[in-house]
Amino acid sequence: MGNNYYEILGVSKESTKDDIKKAFRKLAHKYHPDKKDGDEKKFKEVNEAYGVLSDDKKRAEYDAYGRVFSGNGAQGGAQGFDGFDFSQFTQGAQGFDFDLGDIFGNIFGGNGGFGGAREKVRRGRDISMDIELSFEEAVFGAERKVLLNKTSTCEVCQGGGAKPGSEMITCTICNGKGSVREARRSLIGTFTTTRTCENCHGAGKIPKDPCTECRGAGVLKKEKEITISIPSGIEDGEMVRIPKSGEAIPHGTSGDLYVKLHVKPHAIWRKEGSNLVTDLSIPLSDALLGTERILKTLDGDITLKVPECVSWGEILRIKSKGVPQGKDGRNRGDLLVKIKIELPHKLSKTAKKIVEELKKEGV
Ligand SMILES: [Zn+2]
Ligand SMILES: [Zn+2]
């Protein structure tokens, strides 16, 4: 059992209970598996280390012998099972976190009386919401903060329901089995079903002192601010999923948050794939002689040179002023300017004369 509990928590051998508690809370928060960059393995290590070092008796044993004999760190509840000798497991479990359900599952084939404890992990409800984006936000991506009133994992106990540092005791409702048997009578006889114990949520153990923040539930309803990162180049109606930001559930994983994005149309631009398209109307004389126009782009105004003798529907391409592509957004589509030529509704006498001259020129 080479685990150095002091090293795991990043504290010295002389540190006080308070130091240890502080270090534990910081690390537990950092590695919590429900977090995006959490680390379940480290989280378990930290829990195990804290289970020993926060307990005076266990800490003294650990300091003296480098291991703990009195109970098993966080697995103190393992002795609660009747009819089975756990000593071999508790011995072996010094260095890792084991799952009682797994052991029973292996011994009893997974579908015996302990089936209830082997149910798959419960999952909280998904939440869906709508967000309206401006055209520019959809093109460049955006970050939005939203307030959701939802059931969230309790930050004080990290969802465990235990007051930080509390001992775990055997659940009295299921005697530590994690599941409860129910006999039901029917016309064809009595049959028994097994369901997960509601008191301990299948864990078989409950904290001796429940967390004061969530009253031991591990979750609580509260307003939570969630930051939603919207990638660039979003199309109207697209959906973004934020894993684990849905409703939390006691002793289960949180659901996901689905955000449907609505993009407001822009007054002058249309998005076509990675390109932006806009129309430019010019009078016939400009189409013939060429002109310059100030043109709005996503990156500010530019001067667009319209060459002479441009025709109706011709597209002028302005490179790299379109929609950012890819993760870094460095590749960008183009801005396409579609030429429309305004023809006069009526010609003045002078204009008519000039056009007749043009006709003679073969224009
Ligand atoms: Zn709590
Ligand atoms: Zn129980």
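Ala, Val, Leu, Ile, Met, Phe, Trp, Tyr, Cys and Pro count here as nonpolar, Asp, Glu, Lys and Arg as charged, and the others, Gly among them, as polar. The legends below refer to a predicted model.

**View 1. Lining of the second largest pocket in the predicted model.** The second largest pocket holds about 770 Å³ of space, and its lining is made up of 25 residues, with Asp34, Lys35, Lys36, Lys224 and Ser245 lying nearest the centre. By residue class, this lining divides into seven nonpolar, nine polar and nine charged residues.

**View 2. Strands that contribute to the second largest pocket.** At least two lining residues are supplied by each of β2, β7 and β8 (239-242), and the largest share, six residues, comes from β7.

**View 3. Coordination of the zinc ion (ligand 1).** Four sulfur donors, the SG atoms of Cys154, Cys157, Cys211 and Cys214, lie 2.3 Å from the zinc ion (ligand 1). The angles among these four donor atoms run from 104 to 115°, and the site is tetrahedral; all angles of a site assigned to this class must lie between 85 and 135 degrees.

**View 4. Chain segments joined at the zinc ion (ligand 1).** Along the sequence, the donor residues of the zinc ion (ligand 1) follow the spacing C-x2-C-x53-C-x2-C. Distant parts of the chain are linked by the pair Cys157, in the loop between β2 (142-153) and β3, and Cys211, in the loop between β6 and β7 (219-230), which are 54 residues apart. Because buried means under 20% relative accessible area, Cys157 counts as buried at a relative accessibility of 11%, and Cys211 likewise counts as buried at 1%.

**View 5. Coordination of the zinc ion (ligand 2).** The protein donors of the zinc ion (ligand 2) are the SG atoms of Cys171, Cys174, Cys197 and Cys200, at distances of 2.2 to 2.3 Å from the ion. With angles of 104 to 118° among the four donor atoms, the site of the zinc ion (ligand 2) is tetrahedral.

**View 6. Loops tied together at the zinc ion (ligand 2).** The donors of the zinc ion (ligand 2) are spaced C-x2-C-x22-C-x2-C along the chain. Cys171 belongs to the loop between β3 (168-170) and β4 (179-186), whereas Cys197 belongs to the loop between β5 (189-196) and β6 (205-207), so that the pair ties together parts lying 26 residues apart in sequence. Both Cys171 and Cys197 are buried.

Conventions. Residues numbered from 1 in each chain as written. Chains lettered and ligands numbered in written order. Predicted model: local features only at pLDDT ≥ 70, side-chain atom pairs only at ≥ 80, totals over all residues. Heavy atoms only, no water. Donors = N, O, S within 2.8 Å, 3.2 Å for Na, K, Ca; no water. Tetrahedral: all angles 85-135°; square planar, octahedral: opposite > 155°, others 65-115°. Helix = DSSP H or I, 4+ residues; strand = E, 2+ residues; numbered from the N terminus. Buried < 20%, exposed > 50% of the residue type's maximum accessible area, 1.4 Å probe, protein only. 1 Å grid on protein atoms, 1.4 Å probe; cavity = no way out; pocket = protein on both sides within 12 Å on 5 of 7 lines; lining within 4 Å. Points joined across faces, edges and corners; volume = space filled by probe spheres on them.
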